[in-house]
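Hi,

Here is the structure I promised to pass on. Have a look at it first, and my notes follow underneath.

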Amino acid sequence: MDPAVLRGDMVDSLQHESKGVVRSTWLSAAMRAVPREAFVGEQQAYSDRPFERLGTRVLSPSTAARLLEALDPDADDDVLVVGAGVGYTAAVLAEQVGEANVQAIDITRRLVIDARTNLAEAGYEGVLVDRRDGAEGLPEYAPYDRILLEAAAVRPPQALLSQLANGGRLVMPLGTNEQTLAVVDPDGETQRLGSVAFQPMLVEGEQADTIERNRTRREDREHARRNAQSRTGWEQNWIDWDG
């Protein structure tokens, strides 16, 4: 079947009352325009479910739509996507604000290469994708009218808040085990828009696509703290050999 027809059916489904996650005219038009198969392959392009690719979760179309509706960019806004993934959300945003106004970053080098390749194949070569620690943002291009963080964090990264323009907004999953979709302004004021479930934000030294993913700096620090507070076996009980 013609991919354009499949895209239309997908968006129609996302606009249906049972889901209702696509509400704005701009998002409906953008999702109908972006060839999703260029980012995820034809077999999984138009099914509304997430899946794994190169160690990261590719968002379902309905979840991507929730994020983008919350972001609510105006035409010509400057937008930063933290967690480039396969590049799909960056392409949808480019339809609204223009390719030159979208920058995306990811901490995993293979995902950066993948996103660049996918965006070029789909016709969005003007979107900049760079390898960066997401918590540090991309200050060279700041300030941003909109920042989209596609990974969960306990609190909004301060660097991202500092890179927001006046009146800007940061959209992100907020929390750990229980997460909510949050809209945060430059002063840290937060609006919560319902529950979500995202992978945690990676820190420098972690890679989404390696077997050592769980050997994180956070875990290493915690183990070091616990080891420092515990006593080794010979310290537990004094043995009086002469007694």
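Let me start with the helix packing, and please keep in mind that this is a predicted model. The axes of α2 (residues 25-33) and α5 come within 9 Å of each other, with a crossing angle of roughly 120°. Angles over 145 degrees would count as roughly antiparallel, and 65 to 115 as roughly perpendicular, so α2 and α5 end up oblique to each other. Their crossing is right-handed. On the α2 side, Trp26, Leu27, Ala30, Met31 and Ala33 make the contact, and they meet Tyr88, Val92, Leu93, Glu95 and Gln96 of α5. Sorted by class, that gives 8 nonpolar residues, 1 polar and 1 charged.

Next comes α2 against α4. These two helices pack with their axes 11 Å apart, at an angle of about 140°, which makes α2 oblique to α4. Here too the crossing is right-handed. Trp26, Leu27 and Met31 are the α2 residues in this contact, and α4 brings Pro61, Ala65, Leu68 and Glu69. The class count is 6 nonpolar and 1 charged, with no polar residues.

The remaining pair on my list is α1 (residues 3-15) with α2. Their axes come within 8 Å and cross at roughly 150°, so α1 and α2 are roughly antiparallel. α1 passes α2 in a right-handed crossing. From α1, the contact takes in Arg7, Gly8, Met10, Val11, Asp12, Leu14 and Gln15, while Ser28, Met31, Arg32 and Ala33 come from α2. The split in this contact is 5 nonpolar, 3 polar and 3 charged.

If you want one residue to click on while looking at α2, try Met31: it takes part in the contact with α5, in the one with α4 and in the one with α1.

Now for the cavity. The structure holds 1 cavity of 30 Å³ or more, and its volume is about 440 Å³. There are 31 lining residues, and those closest to the centre are Thr56, Gly83, Gly85, Asp106 and Glu150. Which elements give two or more residues to the lining? They are β2 (56-58), α5 (88-97) and β4 (102-106). The largest share, 3 residues, is from β2. By class, the lining has 17 nonpolar, 8 polar and 6 charged residues. Note that α5 turns up twice in this email, as a contributor to the cavity lining and as a packing partner of α2.

Finally, two bits of backbone to look at. Most residues other than glycine have a negative phi, and most peptide bonds are trans. The peptide bond between Ala142 and Pro143 is cis, with omega at about 5°. Pro143 sits in the loop that runs between β5 (128-131) and β6 (144-149). Asp72 is the other one: its phi is near 50°, a positive value in a residue that is not glycine. You will find Asp72 in the loop between α4 (61-71) and β3 (79-82).

That's what I have for now. Shout if anything is unclear.

Cheers

Terms used: Residues numbered from 1 in each chain as written. Predicted model: local features only at pLDDT ≥ 70, side-chain atom pairs only at ≥ 80, totals over all residues. Heavy atoms only, no water. 1 Å grid on protein atoms, 1.4 Å probe; cavity = no way out; pocket = protein on both sides within 12 Å on 5 of 7 lines; lining within 4 Å. Points joined across faces, edges and corners; volume = space filled by probe spheres on them. Helix = DSSP H or I, 4+ residues; strand = E, 2+ residues; numbered from the N terminus. Nonpolar A, V, L, I, M, F, W, Y, C, P; charged D, E, K, R; others polar. Axes fitted to C-alpha atoms, helices over the stretch in contact; angles between N-to-C directions. Parallel < 35°, antiparallel > 145°, perpendicular 65-115°, else oblique. Left-handed = near helix turned anticlockwise from the far one by under 90°. Contact = heavy atoms within 4.5 Å.
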